[in-house]
Structure formats: C-alpha cells, structure tokens
Amino acid sequence: MLEALWHNLDYAASVVLFLIGLYIVIAKNNLIKKFLGLNIMETAVFSFIVALGVVDGGDAPIMGQGAHPPFTSPVPQALILTGIVVAVSTTALALTLIIRIYQLNGTVEADELREME
Amino acid sequence: MKKALVTSLLIIAAIPMLIAVAALPRHGALDTPVQTGISAHYLEFGVEEAGAENIVTDVILNYRGFDTEFEVTVIFTSLAAVLALLLGASTAGATLSRPGSGVRPSVVVRFVVRLLAPFTAMFAIYVILNGHVSPGGGFQGGAVLGALFITLTVVLGGARVAGAFPEASRRWLQIAAPLTFAVAGVAGVLLTGFYLGYPTEVGLHWLRTFMIIAIEIGIGVGGAAIIATLFIVMEAE
C-alpha cells in the first residue's frame, strides 16, 4: 500500500493539494478566500489528470524533426485546457457575484451574511 | 471543537482518495489505459489526419473541435453574465466609495511595464501563431495577451486601455472566438460537407493549416479581449 503510494507520489501530491483547497473552503469565512480554496481544488484535479498522461522519459506530443517516442498522452492535456478555460469563466462569475454581495451588504464574511438573514 | 471537526472531515476525505490513488497503475507506465487508448491513435495518425504537428492542437481543434467551440462560447457567456451583473447594477449603487483607486504604482513599475509591453505582445503573438508546431496556441497566447492588458490597466487605468480600441470594435473582439469557429465551421461544410470539417486532400493541406491558424488567432484575440474586459469591468467597480 505505502509502496504503491510512493510510486504514485505525483497523484498523492494532487490529493494533498485538493485537501488544502477543501480545508480553505470549509474553514475560512471570507467568500473570496473560500473561492480561492475552490480554485486550489480545481488546480489539484487538473494536475492529477495531466499527471495521468505522463510517461517515463516521454517527450511532448509534438511531431516534426527530432521527435522520438515515447510521447506524453495528448488527450489529458487537451481536456485540461478546456477545464482551465471553464475554471476561468466560473471564477470571473463568482468574483462578480462577490462584488455584488459586497455592494449590497457591505461585507463578504459568511457568518455576518448569515446573521443578516 | 470546530477545529477537530474540520480535521476529522479532512482525514475522512483523505483516506479513500489516497487508497484510490495507490490502486492506480504506476505513474509514468507505458501500458496504462491513458496511453493505450485513443491517445495511441492520435499520436500515430494525428499529423496526417488533423494537420498540425502539435498533437494537442490536433485534439483541441480537430478531433474535439465541437467541444472547443462551445467552450469558447462558455467563456463568452460568462463575460455576458458578468457585464449584465455589474453594468446593470452600477447605475443603482454608484455611490459606494472605491478604496485604493487613488493609489498609483511607483514610477519604476510604470516604466518597466511600458518598456516590456511590446515584447510581451510579441511573445503572445508568437505563441498564438506557432500553436500548431510548438507548445502554445490560441488559449495560451490569449492568456499572455490578456495578462499584458491587465498589467497595462493597473498602470495606465482601465479607461485608457479600453480607449485604445474603438467602441464599435470591442464587441467584435470579445466575440471573436465563437465567431471564427462559426466561420470555419461553415467553411468546413462548403469544403467537405461536415460542420468544422477540415479538407484532407493532399493539395489542400495549406488550406487546412490556414484554417487552424485562423481559429487560433480567433481564440487568442477573443480570449485576450474577454480576460481584459473582465478585469477592466471588475476593477472599475
């Protein structure tokens, strides 16, 4: 078990990053910090999926002169490019909503907002 | 109490994930499903089937072209939502003070940013135009270009950066990415009979490369315009 984990240390690092993000989301009170935590969780998932495509001693999947196999799998990289763009979109929308919450309530602290209800 | 609760929750979340990660095939092995599945086909036939030496570009623009088309629509939709939320509201709540808006960066920062701006723009254009043969592409170059606009906004102010583009052209720049995809898609219908189809005849390879570069430019310009607009609108609030 531990030896398998040691071989998959890259994946385990993503898990640790994911947990850091999860901790920020549940423990922090500031909405912007909560969303930063969500972004860290997203980054953890991205790094995990990109790490899935890595090959030992593999090259970037770019053909042409001087290219020699093995190549890193291109599919996870292409999928994660899509994911990053969607993450940017959601981040922009969430920050806008936080700006509106601040304009309307004068605070972005979750517990103060809960008291206002 | 709360701390113990959070810690135990994190541990409960960590254990199944670590077990699953340990059960995965060894990192970097050649015989994993990721390597033996569709990736092997893409790596072997990607260049002749899709036309770009960078296989990631092939996957993004050709094999998964529909996905990318609606992905650029997603980021455009998010821009539309941000504009609807902020511009619609600013007429009502414009009285709120803007702390920090009077602070200007130091003269060193301003000078360095202005000095590096042309080189940053050149790098961004290089990344966009070489996306089919080297690492890079529309999204990456667009992000660099957008970052350039953001630093310029911090230094010069949003009004001056936005003022560099005529009012009428801004909307077209923001929608550039979905628009180029639509144009390329219709061109594909005319050329091959399939939406977003790329011509595969040997004599038409230059046209295929031209379509790929055109879409990359569209994605880069559109992405940069959207990122810059998002920042300028939020900064003004």
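This report walks through a predicted model with a chain A and a chain B, starting with each chain and then turning to where they meet.

## Before you start

Residues are numbered from 1 along each chain as its sequence is written, and chains are lettered from A, with ligands numbered from 1, in the order in which they are written. Since the model is predicted, local features need pLDDT of at least 70 and side-chain atom pairs count only at pLDDT 80 or more, while totals for chains, interfaces and linings use all residues; side-chain values use heavy atoms, with hydrogens and water left out.

## Chain A

Chain A has 5 helices and 0 strands (DSSP runs numbered from the N terminus: helices are H or I with at least four residues, strands are E with at least two). Its C-alpha atoms fill a box of roughly 60 × 40 × 15 Å along the principal axes. The radius of gyration is 19 Å, against near 13 Å for a compact globule of 117 residues (taken over C-alpha atoms; the globule rule is 2.2 Å times the number of residues to the power 0.38). Buried residues make up 42% of the chain's 117 (buried is under 20% relative accessible area, exposed over 50%, partly exposed in between, with a 1.4 Å probe and protein chains only).

One spot to look at is the peptide bond from Pro69(A) to Pro70(A), which is cis, with omega near 0°. Pro70(A) sits in the loop between helix H3 (31-52) and helix H4 (74-105).

## Chain B

Chain B comes to 11 helices and 0 strands. Its radius of gyration is 23 Å, where a compact globule of 237 residues would have one near 18 Å. The box around its C-alpha atoms is roughly 60 × 60 × 40 Å along the principal axes, and 40% of its 237 residues are buried.

Two buried residues are worth finding. Gln174(B) belongs to helix H9 (residues 167-174) and counts as buried because its relative accessibility is 5%. Leaving aside neighbours within four places in sequence, Gln174(B) is in contact with Phe76(B), Leu79(B), Gly222(B), Ala225(B), Ile226(B) and Thr229(B) (contact means heavy atoms within 4.5 Å). Leu196(B) lies in the loop between helix H10 (176-192) and helix H11 (205-236); at 7% relative accessibility, Leu196(B) counts as buried too. Leu196(B) also has a positive phi of about 60° although it is not a glycine.

## A nonpolar patch

On the surface, a nonpolar patch takes in Val107(B), Val108(B), Phe111(B), Val112(B), Leu115(B), Leu116(B), Phe119(B) and Met122(B), with about 830 Å² of accessible area together. Patches are made of residues with over 30% relative accessible area and no salt bridge, joining like charges within 9 Å and nonpolar side chains (Val, Leu, Ile, Met, Phe, Trp, Tyr) within 5 Å. The areas come from the Shrake-Rupley method with a 1.4 Å probe; for residues, only the protein chains shown count as cover.

Val108(B) is in helix H6 (residues 107-129), and its 54% relative accessibility is why Val108(B) counts as exposed.

## Where the chains meet

Here 50 residues of chain A are in contact with 50 residues of chain B. The area buried between them is about 4500 Å², with 76% from carbon and sulfur atoms (the accessible area, 1.4 Å probe, that two parts lose on being put together, summed over both). In chain A, Ile62(A), Met63(A) and Leu81(A) lose the most area to chain B, together 12% of what that side buries.

The rule finds 1 salt bridge across this interface (a side-chain nitrogen of Lys or Arg within 4 Å of a carboxyl oxygen of Asp or Glu). Arg26(B) forms a salt bridge with Asp56(A), the closest N and O atoms being 3.3 Å apart.
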